[in-house]
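Reader: Could you walk me through this model? I would like to take it piece by piece and ask as we go.

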Amino acid sequence: MKIEPISLKIFRYDPCIDLKPKYIDYKVPWREGLLLLSAIKYVRDFLDETLAFRDYCCGCSWCMSCLMMVDGKGIQTCFRPLHPGESLLVEPMRGIPMIKDLVVDFGITLPTPDGIFKKMEGTLLKKIKPQKEGL
Ligand code: FES
């Protein structure tokens with residue numbers, strides 16, 4: 001039985017060379033336990049070495065460096081399991097200055113569904129306020 005690959009449509013934009021953003025489609029082979037951040041790493045390692053994203057995984061839902069927009073929702077890509085044949089739109093977090101492709105500048109406060117985070121000395125991001133209604 002053939003296992004369908006994952007289809008990722010990924011936002012690409014390098015402000016230094018591109019006139020406007022574009023989306024590129026990639027196919028990633030599915031395997032048991034594959035997570036979205038690992039699939040994005042696969043794209044960079046085997047399909048397109050120019051893809052920029054934060055290649056770090058704390059593995060404990062602490063750092064939030066893997067936050068991206070996936071099908072229009074901000075999620076932690078290091079915790080998003082993938083299923084055979086799934087198709088996803090992957091974009092940088094909205095409302096934050098974009099540096100390149102999926103990399104944004106977290107040097108500012110960041111509202112998320114889990115609360116407000118701010119970059120602190122010695123950490124990537126630290127929760128400073130609980131979630132407010134309407135965020
Ligand atoms: S890599 Fe730390 S929360 Fe995803």
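**Strand pairing, helix and core**

Author: Let me begin with a pair of residues in two strands of this predicted model: V70 has V90 in β5 as its bridge partner.

Reader: And how do β3 and β5 run, and how many bridges join them?

Author: β3 and β5 run antiparallel, and two bridges join them.

Reader: What about β3 and β4, in which sense do they pair?

Author: The pairing of β3 with β4 is antiparallel and extends over four bridges, and within it L67 stands opposite Q76 in β4. These two strands form a hairpin with two residues between them.

Reader: Which residue in that turn has a positive phi?

Author: That is D71, whose phi is near 50° although the residue is not a glycine, and which sits in the loop between β3 (67-70) and β4 (73-76). For context, most residues other than glycine have a negative phi.

Reader: Is D71 buried or exposed, and why?

Author: D71 counts as exposed because it has 11 C-beta neighbours inside 10 Å, and the cut-off for exposed is 12 or fewer.

Reader: Where is D101, and what is its phi?

Author: D101 lies in the loop between β6 (98-100) and β7 (103-104), and its phi, about 50°, is positive even though D101 is not a glycine. D101 is buried, because 24 other C-beta atoms lie within 10 Å of its own, where 20 or more are required.

Reader: Changing topic, what does the overall fold look like in terms of helices and strands?

Author: The protein chain has one helix and 10 strands, and from the N terminus on the order is β-β-α-β-β-β-β-β-β-β-β. Of its 135 residues, 24% count as buried. As for contacts between residues at least 6 apart in sequence, 43% of them join residues that are at least 24 apart.

Reader: Now the helix: what span should α1 have, and how far apart are its end C-alpha atoms?

Author: Helix α1 covers residues 36-47, and its 12 residues, at 1.5 Å a residue, should span 16 Å; the end C-alpha atoms are 15 Å apart, which agrees.

Reader: Which residues of α1 are buried?

Author: The buried residues in α1 are L36, L37, A39, I40 and V43. Seen down the axis of α1, the buried residues fall within an arc of 165°, so they line one face of the helix.

Reader: What does the face turned away from the buried side carry, and what covers the buried residues?

Author: The face of α1 turned away from its buried side carries D45 and F46, which are exposed, while the cover over the buried residues includes β1 (6-12), β2 (22-28), β3 and β5 (87-91).

Reader: How many residues are in the largest nonpolar core, and which touch the most other members?

Author: The largest nonpolar core has 20 residues, and those that touch the most other members are L8, I10, V28, A39, I40, V43 and V90. Two or more residues of this core come from each of β1, β2, α1 and β3, and the largest share, five residues, is given by α1.

Reader: Take I10 then, which residues does it touch, leaving out those up to four places away in sequence?

Author: With those left out, I10 touches Y23, I24, Y26, V43, L51 and V90. One of these, V90, is also the residue we began with, as the bridge partner of V70.

Technical notes: Residues numbered from 1 in each chain as written. Predicted model: local features only at pLDDT ≥ 70, side-chain atom pairs only at ≥ 80, totals over all residues. Expected span 1.5 Å × (residues − 1). Arc of directions from axis to C-beta. Contact = placed C-beta atoms within 7 Å. Core = buried A, V, L, I, M, F, W, Y, C linked by C-beta atoms within 7 Å. Pairing = 2+ DSSP bridges.
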